[in-house]
Amino acid sequence: MKYSENGFWVEPINDDLYRIGLSDKGQDDLGDVAFFEFLASENVTTEDSLFSVEASKATTDLASPLNGRVVEWHHALEKQPELLNSTDKENTWVAILSHVERSEYDALLDTSGL
């Protein structure tokens with residue numbers, strides 16, 4: 001598992017799929033999440049906002065930590081944004097990407113920043 005500077009964890013599922021979620025640092029930066037909205041389309045870049053959140057410490061759009069194609073969204077977050085306040089990565093994942101360059105993943109951080 002690797003981490004982005006803007007508060008995501010990223011884990012490879014296999015050679016072509018990567019799951020992205022909100023890390024401990026991301027949770028600490030935002031505070032308790034009360035609203036969640038997906039912003040990205042199927043193809044995302046590190047310049048694109050992946051989603052928007054309203055939380056106790058900040059309301060912000062968070063950019064994707066990787067370039068790729070979204071193959072699955074964690075749709076439960078739209079109705080239950082509080083899942084992002086969990087410590088369980090099964091709740092805090094946001095999207096699964098394919099078509100990611102392995103070198104981009106390798107360039108991410110080894111620690112969450114907390």
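Reader: Is Glu90 buried, partly exposed or exposed, going by relative accessibility?
Author: Keep in mind that this is a predicted model. Buried would need under 20% and exposed over 50%. Glu90 comes out at 43% relative accessibility, so the class is partly exposed.

Reader: Which residue does Glu90 meet in a salt bridge?
Author: The closest approach between the two side chains is 3.1 Å, N to O. Glu90 sits in helix α3 and the partner in strand β3 (residues 18-22), so the pair ties together parts that are 71 residues apart in sequence. The partner is buried, at a relative accessible area of 9%. That residue is Arg19.

Reader: And Glu11, which residue does that one form a salt bridge with?
Author: Here the closest N and O atoms are 2.7 Å apart. Glu11 lies in strand β2 (residues 8-12), while the partner lies in helix α3 (residues 89-92), 78 residues away along the chain. Glu11 counts as buried at 13% relative accessibility, whereas the partner counts as partly exposed at 29%. The name you want is Lys89.

Reader: How many salt bridges does the structure hold?
Author: One of them joins Asp110 and Lys2 at 2.8 Å, N to O. Those two are 108 residues apart, with Asp110 in the segment after α4 and Lys2 in strand β1 (residues 2-3). For the whole structure, the count is eight.

Reader: Switching to Glu104, which residue's backbone nitrogen does the side chain reach?
Author: Glu104 lies in helix α4 (residues 102-106). Leaving aside neighbours within four places in sequence, Glu104 contacts Thr46, Leu66 and Asn67. The side chain of Glu104 reaches a backbone nitrogen at 3.0 Å, and that nitrogen belongs to Asn67.

Technical notes. Residues are numbered from 1 along each chain as its sequence is written. This is a predicted model: local features need pLDDT of at least 70, side-chain atom pairs count only at pLDDT 80 or more; totals for chains, interfaces and linings use all residues. Side-chain values use heavy atoms; hydrogens and water are left out. Helices (H or I, at least four residues) and strands (E, at least two) are DSSP runs, numbered from the N terminus. Contact means heavy atoms within 4.5 Å. A polar contact is a pair of N or O atoms within 3.5 Å; within protein, one must be able to donate a hydrogen and the other to accept it, and residues adjacent in sequence count only if both atoms are side-chain atoms. A salt bridge is a side-chain nitrogen of Lys or Arg within 4 Å of a carboxyl oxygen of Asp or Glu. Buried means under 20% relative accessible area, exposed over 50%, partly exposed in between (1.4 Å probe, protein chains only).
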